[in-house]
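Open the structure in your viewer and keep the selection tool at hand. The stops below go from one selection to the next.

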Amino acid sequence: STISRSERGSVSSEGTRGRSRAYSRLRGTARQFLMFGIVGGSGTLVNLTVSVLAKKFAGWSAGISEYDVFLNLLGTEYNIRWFNVFMAVAFLVANTWNYQLNRSWTFRGYSQRSWWRGFFPFLFTGIGAFLVSQIVATLLMNPSSPIALSPELFDDSTGLRTKFYWATAISIIVAMPVNFLVNKFWAFRKPKVRIVTAEGPE
């Protein structure tokens with residue numbers, strides 16, 4: 001059978017609209033990722049600031065180094081070190097900061113949840129990204145790791161050569177795309193809209 005000119009035009013129009021919608025969604029996601037990155041950049045500054053303050057406070061008040069053991073893991077050769085604790089404190093502060101900015105700017109209008117109901121999915125999402133950052137930071141800090149930061153270059157002689165600061169910054173950047181995707185499709189997903197049609201009396 002042959003397809004009429006009007007039918008071909010209809011198919012072509014549908015294809016054009018489909019491509020337009022796909023491009024619009026892609027552009028919207030890219031815009032959101034840029035906004036998420038800006039918020040994440042500010043959160044990174046908050047994270048780094050709290051990490052520095054926590055490290056310095058622990059050193060000044062109790063002589064604690066970021067390399068010191070905080071807790072041994074069940075009698076094994078593995079330990080949680082103080083830099084992991086500093087990162088955990090910084091994460092909680094920066095996570096709250098990022099949540100509020102993303103809620104009021106990046107994903108505004110995406111959810112009608114209360115502040116607390118939206119915060120816990122964001123927190124759980126952040127914990128996933130935090131675990132990624134902890135693994136990356138531990139690998140960067142561990143001198144026996146294949147991706148360890150150079151002890152000659154990062155010898156802790158100055159602030160800019162402090163290994164902990166660089167490991168923290170790099171680990172945050174690595175974890176950011178994971179954090180964005182899970183937040184977009186879970187913590188700040190659009191609420192489902194149910195369309196109810198009213199039927200008139202027969």
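What follows is a short tour of a predicted model, with a selection to make at each stop.

**The hairpin**

Start by selecting residues 69-72, which form strand β1. Add β2, residues 79-81. The two strands run antiparallel and are joined by 3 bridges. To see how they line up, show the side chains of L71 and I80: L71 stands opposite I80 in β2. Now look at the turn. The hairpin formed by β1 and β2 has 6 residues between the strands, and L74 in this turn has a positive phi of about 55°.

**The largest pocket**

Stay with β2 and add helices α2 (82-106) and α3 (115-141); each of these three elements gives two or more residues to the lining of the largest pocket. The space in this pocket comes to about 430 Å³. Which residues should be selected to find its centre? Pick N79, R81, F83, T138 and N142, the closest to the centre among the 14 lining residues. Coloured by class, the lining shows 7 nonpolar, 5 polar and 2 charged residues.

**T106 in helix α2**

Next, select T106, which is found in helix α2. Is T106 buried or exposed? T106 has a relative accessible area of 5%, and the cut-off for buried is under 20%, so T106 counts as buried. Show its surroundings: beyond neighbours within four places in sequence, T106 is in contact with Q32, M35, F36, V39 and L101. For one of these, V39, draw a distance line between the C-alpha atoms; the two residues are 8.1 Å apart in space, though 67 residues apart in sequence.

**T44 in helix α1**

Now select helix α1, residues 5-62, and pick out T44 within it. T44 is buried too, because its relative accessible area is 14% and the limit is 20%. Setting aside neighbours within four places in sequence, its contacts are I172 and M176.

**The cavity**

I172 appears again at the last stop. Select N47, F91, N98, I172 and N179, which lie nearest the centre of the largest cavity. The count of cavities of 30 Å³ or more is 1, and about 330 Å³ of space lies in the largest cavity. Its lining is made up of 22 residues. Helices α1, α2, α3 and α4 (163-187) each give two or more residues to this lining. Colour the lining by class to finish: 11 residues are nonpolar, 11 are polar and none is charged.

Conventions
Residues are numbered from 1 along each chain as its sequence is written. This is a predicted model: local features need pLDDT of at least 70, side-chain atom pairs count only at pLDDT 80 or more; totals for chains, interfaces and linings use all residues. Side-chain values use heavy atoms; hydrogens and water are left out. On a 1 Å grid over the protein atoms alone, a cavity is a set of points where a 1.4 Å probe fits but cannot get out, and a pocket is an open set with protein on both sides within 12 Å along at least five of seven lines; lining residues have an atom within 4 Å of a point. Grid points are joined across faces, edges and corners, and a volume is the space filled by probe spheres set on the points. Helices (H or I, at least four residues) and strands (E, at least two) are DSSP runs, numbered from the N terminus. Ala, Val, Leu, Ile, Met, Phe, Trp, Tyr, Cys and Pro count as nonpolar, Asp, Glu, Lys and Arg as charged, and the others, Gly among them, as polar. Buried means under 20% relative accessible area, exposed over 50%, partly exposed in between (1.4 Å probe, protein chains only). Contact means heavy atoms within 4.5 Å. Two strands pair if DSSP finds at least two bridges between them.
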